[in-house]
Amino acid sequence: EKATSPTGFHPEWSESFLDDSRGECGVPFAQRFHMPESGNGNFWYSFAFGSIKFIVLSTEHDWTKGSRQHSWLKQTLQAVDRYVTPW
C-alpha cells in the first residue's frame, strides 16, 4: 500500500520518518536552485543536452505506479525523440 500524506511520501516499510522535518528543510533548496520548468519544482524534471535526455527523479516523493511522478516519468520517456536519442 502507498503511504502518502500531506507531509510527503513515507513508505510503510521505513520507520526512519518518525522524526523527519516534514519538508521545511527543502525550502532553502527550492528558493536557491532553479531547474527546468516541468510543473514539479526542483523535485523531478528533465532536460536535453545534445543527444542525451537527462531525467531527474525525487526519492522524497511518491514514485510508485499511478503516482504523479510515475505518470510524469512515463510521459517524459514516451516523448523522447528517437531520431535525436536513438538508444
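Helices here are DSSP runs of at least four residues, numbered from the N terminus. Keep that in mind for the exercises below, and remember that this is a predicted model.

**Exercise 1. Work out the order of the elements along the chain, and find which has the lowest and which the highest mean pLDDT.**

Start with the tally: two helices and four strands. Walking from the N terminus, you meet them in the order β-β-α-β-β-α.

Next, check the confidence. The chain averages a pLDDT of 77, and 69% of the residues score at least 70. Strand E1 (residues 4–5) has the lowest mean among the elements, 53, while helix H2 (residues 68–78) has the highest, 94.

**Exercise 2. Take Gln69: where is it found, is it buried or exposed, and what does its side chain reach?**

Step one is location: Gln69 is found in helix H2.

Step two is cover. The cut-off for buried is under 20% relative accessible area. Gln69 comes in at 2%, so it counts as buried.

Step three is the polar partners. The Gln69 side chain reaches the backbone nitrogen of Ser58 at 2.6 Å. It also reaches the backbone oxygen of Asp62, at 3.3 Å.

Step four is the wider neighbourhood. Setting aside residues up to four places away in sequence, Gln69 touches Trp44, Leu57, Ser58, His61, Asp62 and Trp63.

**Exercise 3. Which residues of H2 are buried, and why can we say they line one face?**

First, list them: Gln69, Trp72 and Thr76 are the buried ones in H2. Now look down the helix axis: the buried residues fall within an arc of 60°, so they line one face of the helix.

The general rule helps here. An α-helix has 3.6 residues a turn, so residues three or four places apart point the same way.

Then flip to the other side. The face of H2 turned away from the buried side carries the exposed residues Gln75 and Gln78.

Finally, ask what the buried side packs against. For H2, that's strand E3 (45–49) and E4.

**Exercise 4. Find the aromatic pairs, say how each is arranged, and see which residues they link.**

The count comes to two aromatic pairs. One is Tyr45 with Phe47, stacked at 6.5 Å centre to centre, with 20° between the planes. The other is Phe47 with Phe54, also stacked, at 5.0 Å centre to centre and 15° between the planes.

To classify these, you need one cut-off: planes under 30 degrees apart count as stacked. Put the pairs together, and Tyr45, Phe47 and Phe54 are linked into a cluster.

How covered are these residues? Tyr45 is buried, with a relative accessible area of 10%. Phe47 is partly exposed at 31%, and Phe54 is partly exposed at 34%.

**Exercise 5. Place Ile52 in the fold and find its contacts.**

Ile52 lies in strand E4 (residues 52–56). Its relative accessible area is 38%, so it's partly exposed.

Now look for partners beyond four places in sequence: Ile52 is in contact with Phe47 and Thr85. For a C-alpha check, try Val80: it sits 28 residues from Ile52 in sequence and 9.7 Å from it in space.

**Exercise 6. Zoom out: how much of the chain is buried, and what makes up its accessible surface?**

Buried residues make up 21% of the 87 residues. The accessible surface of the chain comes to about 6800 Å², of which 58% belongs to carbon and sulfur atoms.

How values were computed
Residues numbered from 1 in each chain as written. Predicted model: local features only at pLDDT ≥ 70, side-chain atom pairs only at ≥ 80, totals over all residues. Heavy atoms only, no water. Phe/Tyr/Trp six-rings, centres within 6.5 Å; stacked < 30°, edge-to-face > 60°. Buried < 20%, exposed > 50% of the residue type's maximum accessible area, 1.4 Å probe, protein only. pLDDT = per-residue confidence, 0-100. Polar contact = N/O pair within 3.5 Å; in protein donor to acceptor, adjacent residues only side chain to side chain. Contact = heavy atoms within 4.5 Å. Arc of directions from axis to C-beta. Areas by Shrake-Rupley, 256 points an atom, 1.4 Å probe, with all protein chains shown as cover.
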